[in-house]
Amino acid sequence: MIYRLRAISLSACFMAAILAVSCKEAAAGFFIPPANPAFGSNAANASSWLAGAHAGYNWQQGAAVFGFETDLQATHLNSTMSGGLTHNPPIVPLPASDFASTTALIEYYGTVRGRLGWTAGQWMFFGTAGAAYGNVELSSTFSTLGLRTFSQTSEPRIGWVVGAGFEYLLRPNLTLSLGYQYVDLGRISVASSTTGISGPSFVTLGQAATVHAQFQAVMAGMSWRFAPDGSSSPWAGGYAGGHGGGAWGNNAVAAYSSSVIPSDMRLKRDIALLGRRGDGLGVYSFKYVWSENVYVGVMAQEVALLYPDAVLRDDLTGYMAVNYARLGLQPMSLP
């Protein structure tokens, strides 16, 4: 009996020594995970055509012209970025399973603006400002080590617009125009994450993308004025017409991250048994030595005794990881 107690005591001391050494190694950065997931970032903006229609009304007092205008135009400001991934240590070429793509899209926008101008003969120069609206779409996908996470959103947005331009009175009821607009519909973001088993490792993927729906537009147009010929105020009255041009902007950025978490008990602390399955395999709560997050899962050393085919050992470090899918389990993180 005394011999057994001494053996248990020596085993406990031996295990404590192993844990202490492993914790120091992990804290010092000597731990090398058995898998090498991708990470990275990217950015993009867009340029596009635009075409639409406008209508408004002017009042004129001497050389001053003031009024309001509304417009609506279709466009295709598609900020698309792919790639931007890397590995540490690097892998060349990148595995086919590594993929990252983010798209931010504006397909239409409209404005409601006030206008203030000054005439000089057949020319009128004006400034304008008001409200803008449109729909902004954002989607992002990231995959590595056979795992994938995806997120998307589509939001109607209201923002603001400022601009300037000039018009030329080609005929009493026909004007040509050239205008510039700076539009800001604000920012939208998406984020997502997933966890799963890849080979011997518990892998976590995360991504976050943001688009600032801010862009500039230049357009040329033609308008028909609904005013009688020979009016003493040639710029007064209602008008409507069409226009076309180009737009650029819609800046989008994205970041992709991933991490590998093994199941070796030498890299865990604050281990507490929560219960045992019918096969005797324990389910534990624990923290990794480098984190304060609480996880629920199994111990690789214990799994190796019951299901050796569900455990892989990294040849470089000797640390073990568990294929949770083989056990019919899913590792969890607690809030």
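# A guided tour from aromatic pairs to salt bridges

The count of aromatic pairs comes to 13, where rings of Phe, Tyr and Trp (its six-membered ring) pair if their centres lie within 6.5 Å, and planes under 30 degrees apart count as stacked, over 60 as edge-to-face and the rest as tilted. This is a predicted model, in which local features need pLDDT of at least 70, side-chain atom pairs count only at pLDDT 80 or more, and totals for chains, interfaces and linings use all residues. Residues are numbered from 1 along each chain as its sequence is written, and side-chain values use heavy atoms, with hydrogens and water left out.

**Stop 1: the aromatic pair and the nonpolar patch**

Select Trp123 and Phe125. Their ring centres lie 6.4 Å apart and their planes meet at 15°, so the pair is stacked. Is each of the two buried or exposed? Trp123 is partly exposed, with a relative accessible area of 36%, and Phe125 is partly exposed at 47%. The classes are these: buried means under 20% relative accessible area, exposed over 50%, and partly exposed in between (1.4 Å probe, protein chains only).

Next, extend the selection to Phe166, Leu178, Tyr180, Val218 and Trp248. Together with Trp123 and Phe125, these residues make a nonpolar surface patch of about 610 Å². The elements that give two or more residues to this patch are β5 (123-144) and β7 (174-198). Patches are made of residues with over 30% relative accessible area and no salt bridge, like charges being joined within 9 Å and nonpolar side chains (Val, Leu, Ile, Met, Phe, Trp, Tyr) within 5 Å. The areas come from the Shrake-Rupley method with a 1.4 Å probe, and for residues only the protein chains shown count as cover. Leu178, one of the patch residues, is found in strand β7 and is partly exposed, with a relative accessible area of 36%.

Select Tyr57, Trp59, Phe66 and Phe68 for a further aromatic group: ring pairs link these four into a cluster.

**Stop 2: strands β1, β2 and β4**

Display residues 39-61 and 64-82. These are strands β1 and β2, which pair in the antiparallel sense over twelve bridges. Strands (E, at least two residues) and helices (H or I, at least four) are DSSP runs, numbered from the N terminus, and two strands pair if DSSP finds at least two bridges between them. His54 stands opposite Asp71 in β2. At the hairpin of β1 and β2, which has two residues between the strands, Gly62 takes a positive phi near 65°.

Add residues 99-120 to the view. This stretch is strand β4, which runs antiparallel to β2 and is joined to β2 by 17 bridges. Across this pairing, Leu72 stands opposite Gly110 in β4.

**Stop 3: the four-stranded sheet**

Move to the open sheet of four strands, whose order is β10-β11-β12-β15, with antiparallel pairing. Which strands lie at the edges? The edge strands are β10 (268-276) and β15 (332-334), each of which pairs on one side only. The twist averages 25° from one strand to the next, with axes taken as lines fitted to C-alpha atoms (for helices over the stretch in contact) and angles running from 0 to 180 degrees between N-to-C directions.

Within this sheet, β10 and strand β11 (residues 282-288) pair in the antiparallel sense over six bridges. Select Arg269, which stands opposite Lys287 in β11.

**Stop 4: salt bridges**

Keep Arg269 selected and add Asp270 and Glu292. The side chains of Asp270 and Arg269 meet in a salt bridge (3.2 Å, N to O), a term for a side-chain nitrogen of Lys or Arg within 4 Å of a carboxyl oxygen of Asp or Glu. Arg269 also forms a salt bridge with Glu292, the closest N and O atoms being 2.8 Å apart. Because Arg269 lies in strand β10 and Glu292 in the loop between β11 and β12 (294-297), this pair ties together parts that are 23 residues apart in sequence. Arg269 counts as partly exposed at 24% relative accessibility, as does Asp270 at 48%, whereas Glu292 counts as exposed at 57%.

Now select Glu69, Asp71, Arg113, Arg115 and Glu167, which are joined into one network by salt bridges that share partners. Then turn to Arg157 and Glu155, whose side chains meet in a salt bridge (3.4 Å, N to O). Arg157 is partly exposed at 22% relative accessibility, and Glu155 is partly exposed at 25%. A search of the whole structure finds twelve salt bridges.

**Stop 5: helix α3**

Finally, select Arg326, in helix α3 (residues 324-327). Arg326 counts as partly exposed at 38% relative accessibility. Arg326 and Tyr307 are 19 residues apart in sequence and 8.9 Å apart in space, C-alpha to C-alpha.
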